[in-house]
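Here is a friendly walk through a fold, from its sheet to its ligand shell. Have the sequence and the 3D view open as you read.

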Amino acid sequence: MAKQYDVLFRLLMFGDSGVGKTSMLRRFTESEFESSHISTIGVDFKMKTLEIDGVQVRVQIWDTAGQERYQTITKQYYRRAQGIIFVYDITNASSFQRISKWVGDVDEFSPHRVQRILVGNKTDEKPNRQVSQEQGKTLAKSYGMDFFETSASANTNITESFTRVTELVLQAHKSDIDNLIGSLDEYLDRVALEEESPGPQSESSAQRTCAC
Ligand SMILES: Nc1nc2c(ncn2[C@@H]2O[C@H](COP(=O)(O)OP(=O)(O)OP(=O)(O)O)[C@@H](O)[C@H]2O)c(=O)[nH]1
Ligand SMILES: [Mg+2]
């Protein structure tokens with residue numbers, strides 16, 4: 001199979017149940033939005049290719065379950081990411097307060113070069129806002145993260161957020177990539193065979209991702 005990208009990165013999404021992680025990912029990869037909430041079971045993933053600085057970057061984005069009961073599963077993924085997107089819901093103050101818990105958990109397990117951004121989702125719900133933009137910015141700054149407010153529903157800043165974290169990962173790994181880029185073909189061909197997205201959160205996709 002012909003190689004259609006130069007590098008593959010793994011990104012992870014974390015945040016409380018219902019903040020809109022799956023919705024952001026579906027908006028980004030499929031240009032779709034569902035108003036119903038079907039909680040993610042364990043983990044799911046989708047793929048997308050971006051072009052950044054002339055490099056074709058394939059991103060595998062892992063969407064984790066926010067529900068407490070899946071924490072043992074999602075913790076197994078912490079080490080496997082080059083980039084992390086922490087998400088809260090601007091209409092839900094407790095999802096914002098719990099960002100420190102998500103960041104603490106991840107910091108304990110993830111590699112030190114991991115790139116992280118903070119996202120406040122659901123900006124279309126202005127009348128219900130409980131977390132100000134300033135609070136989001138301040139928290140992100142305290143962690144040294146870039147900050148975005150997004151709406152998966154209105155398609156605001158979704159592409160920008162995913163692109164930014166991918167850019168940060170690319171920058172952090174640039175020297176490795178320059179060294180390796182000529183010899184990756186065989187590896188990428190193998191990965192390409194495995195790259196098919198499992199599609200919507202079907203039981204079979206959840207089982208497949210849980211099994212590995
Ligand atoms: N108004 C509005 N609703 C949103 C937005 N993003 C997600 N939602 C809604 O919020 C609910 C939860 O969205 P999900 O994407 O399933 O949330 P999640 O973070 O993946 O939740 P878990 O899988 O349980 O961890 C759904 O009803 C979505 O339609 C948004 O930008 N605006
Ligand atoms: Mg979900």
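## The sheet

In this predicted model, 6 strands come together in an open sheet, ordered β2-β3-β1-β4-β5-β6, and their pairing is mixed. At the edges you will find β2 (43–52) and β6 (146–149), each of which pairs on one side only. Going from one strand to the next, the twist averages 25°.

Take a moment with the β2 edge. Its partner is strand β3 (residues 55–64), and β2 and β3 pair in the antiparallel sense over 10 bridges. If you would like a landmark there, look for Phe 45, which stands opposite Trp 62 in β3.

## The chain as a whole

How many helices and strands does the protein chain have? The count is 9 helices and 6 strands. Of the 212 residues in the protein chain, buried residues make up 37%.

Contacts in the chain can also be sorted by separation along the sequence. Taking those in the protein chain with a separation of 6 or more, 75% are between residues 24 or more positions apart.

## Helix α6, on the sheet and against α1

Helix α6 covers residues 158–172. This helix lies across β1 (7–14), β2, β3, β4 (83–89), β5 (115–121) and β6. Relative to β5, α6 runs at about 170°.

Helix α6 also packs with α1, at an angle of about 90° and with the two axes 9 Å apart. Angles of 65 to 115 degrees count as roughly perpendicular, so α1 and α6 are roughly perpendicular to each other. Which residues meet where α1 and α6 come into contact? From α1 there are Met 24, Arg 27 and Phe 28, and they meet Ile 158, Thr 159 and Phe 162 in α6. Sorted by class, this contact of α1 with α6 has 4 nonpolar, 1 polar and 1 charged residues.

## Around ligand 1

Now turn to ligand 1, which is surrounded by 24 residues. The closest are Gly 20, Thr 22, Ser 23, Thr 40 and Gly 66. Which helix gives the most to this shell? That is helix α1 (residues 21–30), with 3 residues. Helix α1 therefore appears twice in this tour: it packs with α6 at roughly perpendicular axes, and it contributes to the shell around ligand 1.

How do the residues of the shell around ligand 1 divide into nonpolar, polar and charged? There are 3 nonpolar, 16 polar and 5 charged residues in the shell.

Notes. Residues numbered from 1 in each chain as written. Chains lettered and ligands numbered in written order. Predicted model: local features only at pLDDT ≥ 70, side-chain atom pairs only at ≥ 80, totals over all residues. Near = placed C-beta within 6 Å. Helix = DSSP H or I, 4+ residues; strand = E, 2+ residues; numbered from the N terminus. Nonpolar A, V, L, I, M, F, W, Y, C, P; charged D, E, K, R; others polar. Axes fitted to C-alpha atoms, helices over the stretch in contact; angles between N-to-C directions. Parallel < 35°, antiparallel > 145°, perpendicular 65-115°, else oblique. Contact = placed C-beta atoms within 7 Å. Buried ≥ 20, exposed ≤ 12 C-beta atoms within 10 Å, placed from the backbone. Pairing = 2+ DSSP bridges.
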